[in-house]
Amino acid sequence: MAMYVKKLHHAEKDSLHVNQAFLRKLASKPSTVKVHFGAWNRQLKVKVSPNLPSDTIGISSQSLEGYSLPSLKYKVLVKGNHVHIGPVLGIVAFKPGAAITMEKVKNYNDYLRPYSQIQGLIYICRADDISLQAKKIRGYYYTPGGAKPNWTLGTFPYPSALYRRAALNPPTYRALKRVLGPRLFNGYFLGDHFNKWKLWKWLSPHPAIRKHLPHTRKLQSRKDLDEMLSRYNAVYLKPTMESMARGIIKAVRKGDGYQFIYPENNKKASPYRIVSVGSKEAAGFLANLLREHQYIVQQGIEMKRQGGRGIDFRVIMQKNEQLQWSCTGVIARFGKKNGIVTNFTSAGFASKGLNALQGTYGYSRSQSLRTQQRMIEICTKACKIFDSKGGNYADIGVDVMVDKNGHIYVLEVNILPDHHLALYAKQRDLYLKQVAKPLLYANALSGFKASN
């Protein structure tokens, strides 16, 4: 049932105030009940208050330990002698030290479009506004208001489910994980979630997935590079923890030495620059490289091109209200002309996945649909493997390439994907669906089902 929950400033200590209709919903009319509000819970005495409206219950302010209780409509679930008020959903929206402005907060309005289905308390916070000692989170809560919803500062308990959109430091992550378990989702704190090397180690033991992975090994010395170049015409050196094509280098043999090809991200510059390294200097070159980052060396895939632009696909994988993986959409990304990567933000562009399969690959519509469905099946299998590794990932972007022969490769997995990619592809409906889905999932995860 949907009800207002009022903070009562002059009520008896540790008391829950209800009307007669609500009292009848409690098993055997108990003298006390355990009230749950997010991760906070407390045993409260039941008091009948005939002056309360029929759609309202009240909690003594003293019992709330300084938490804000916004005047919103909540779903109230009665389970035996337990009263659950919610949902209480949180989003870690800003990294530690980030400057928070109301403009940045309002950027999350689109995420709250399904609020009428969810109701309750939804707040966003910065990672370092989570107090582990007090178990309180300072943030901004959402109040629907038609065309102009409001965000108001408050102090809240840990939520029923927490959606991570920014880095958490290790102590904060571990403390939240102990309380929330799998209800803390999008994975691990920065530095401990899977990286490019861990991705290979997790997925490659599975035969159905391995054939869709570029051959990968850890780069530790020139020997690793030479062995990979003895098998492939070109390989890519990739830092294990970077994203958006940062630090990627293409490597090829040139005589008795090597050419290391660096993508140029400046939109006005040439697509790449080449550094030639002789065989005697190669060991030192790689040692300098590995001093900065850990790297993998990966089979180079002969990418399909359109007008000189390489193409790959972002498969948007999210968990739904049934707590199952589903594909929200597929977007094609075209890189810089004659570039060696498909990072479309460097003078590239994005489009609808099916359009690219038909236009660039020359596939029929039915062939395009089959290829896209195959991408989704492969990515779903990969996502189910992630679930077995200990984190709860529910909003990720899988980067997939289809080579000239139509073979599908999984290149990378992004656990903090850029949701604006759909807007760059001029797919606003897809964007709105993508940003709404995590909170609908969080609502189901917290035990409160969305209303129809």
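This report describes a sheet, the cysteines, the nonpolar cores and a pocket of one protein model, which is predicted.

## A sheet of six strands

Strands of a sheet are held in pairs by backbone hydrogen bonds, and the pairing may be parallel or antiparallel. In this model, six strands form an open sheet in the order β11-β10-β9-β8-β12-β13, and the pairing within it is mixed. At the edges stand β11, residues 150-157, and β13, residues 184-185; each has a single partner strand, so one side of each is left without a neighbour in the sheet.

One pairing can be followed down to its residues: strand β8, residues 88-94, runs parallel to strand β12, residues 161-164, and four bridges join them. Within this pair, Ile 91 has Tyr 163 of β12 as its bridge partner.

## Cysteines without disulfides

A disulfide is a covalent bond that links the sulfur atoms of two cysteines. The structure contains zero disulfides. Cys 327, for example, takes part in none, since the nearest cysteine sulfur, which belongs to Cys 379, lies 7.5 Å away, whereas a disulfide requires the two sulfur atoms to be within 2.5 Å.

Is Cys 327 buried or partly exposed? With a relative accessible area of 22%, Cys 327 counts as partly exposed, because the term buried is kept for values under 20%. Cys 125, by contrast, has a relative accessible area of 1% and is buried.

## Two nonpolar cores

The largest nonpolar core has 75 residues, and those with the most contacts inside it are Leu 16, Val 35, Ile 57, Val 83, Ile 85 and Leu 121. Helix α12, residues 428-445, provides the largest share of this core, namely nine residues. A second, separate core is made of 37 residues, among them Trp 200, Val 330, Val 400 and Val 402.

Ile 85 can serve as an example of the contacts found here: leaving aside its neighbours within four places in sequence, Ile 85 is in contact with residues including Val 5, Val 35, Ile 57, Tyr 74 and Phe 448.

## The second largest pocket

The second largest pocket has a volume of about 230 Å³. Its lining consists of 17 residues, and His 36, Gly 38, His 84, Ser 160 and Ser 446 are the ones that lie nearest its centre. Four strands, β3 (32-37), β4 (40-48), β6 (73-79) and β7 (82-86), each supply at least two residues of this lining.

Ser 446, which is found in the segment after α12, is buried, with a relative accessible area of 17%. Not counting residues up to four places away in sequence, Ser 446 touches Pro 87, Leu 89, Ser 160 and Ala 161.

Definitions and conventions. Residues are numbered from 1 along each chain as its sequence is written. This is a predicted model: local features need pLDDT of at least 70, side-chain atom pairs count only at pLDDT 80 or more; totals for chains, interfaces and linings use all residues. Side-chain values use heavy atoms; hydrogens and water are left out. Two strands pair if DSSP finds at least two bridges between them. Buried means under 20% relative accessible area, exposed over 50%, partly exposed in between (1.4 Å probe, protein chains only). A nonpolar core is a set of buried Ala, Val, Leu, Ile, Met, Phe, Trp, Tyr and Cys residues joined through side-chain atoms within 4.5 Å. Contact means heavy atoms within 4.5 Å. On a 1 Å grid over the protein atoms alone, a cavity is a set of points where a 1.4 Å probe fits but cannot get out, and a pocket is an open set with protein on both sides within 12 Å along at least five of seven lines; lining residues have an atom within 4 Å of a point. Grid points are joined across faces, edges and corners, and a volume is the space filled by probe spheres set on the points.
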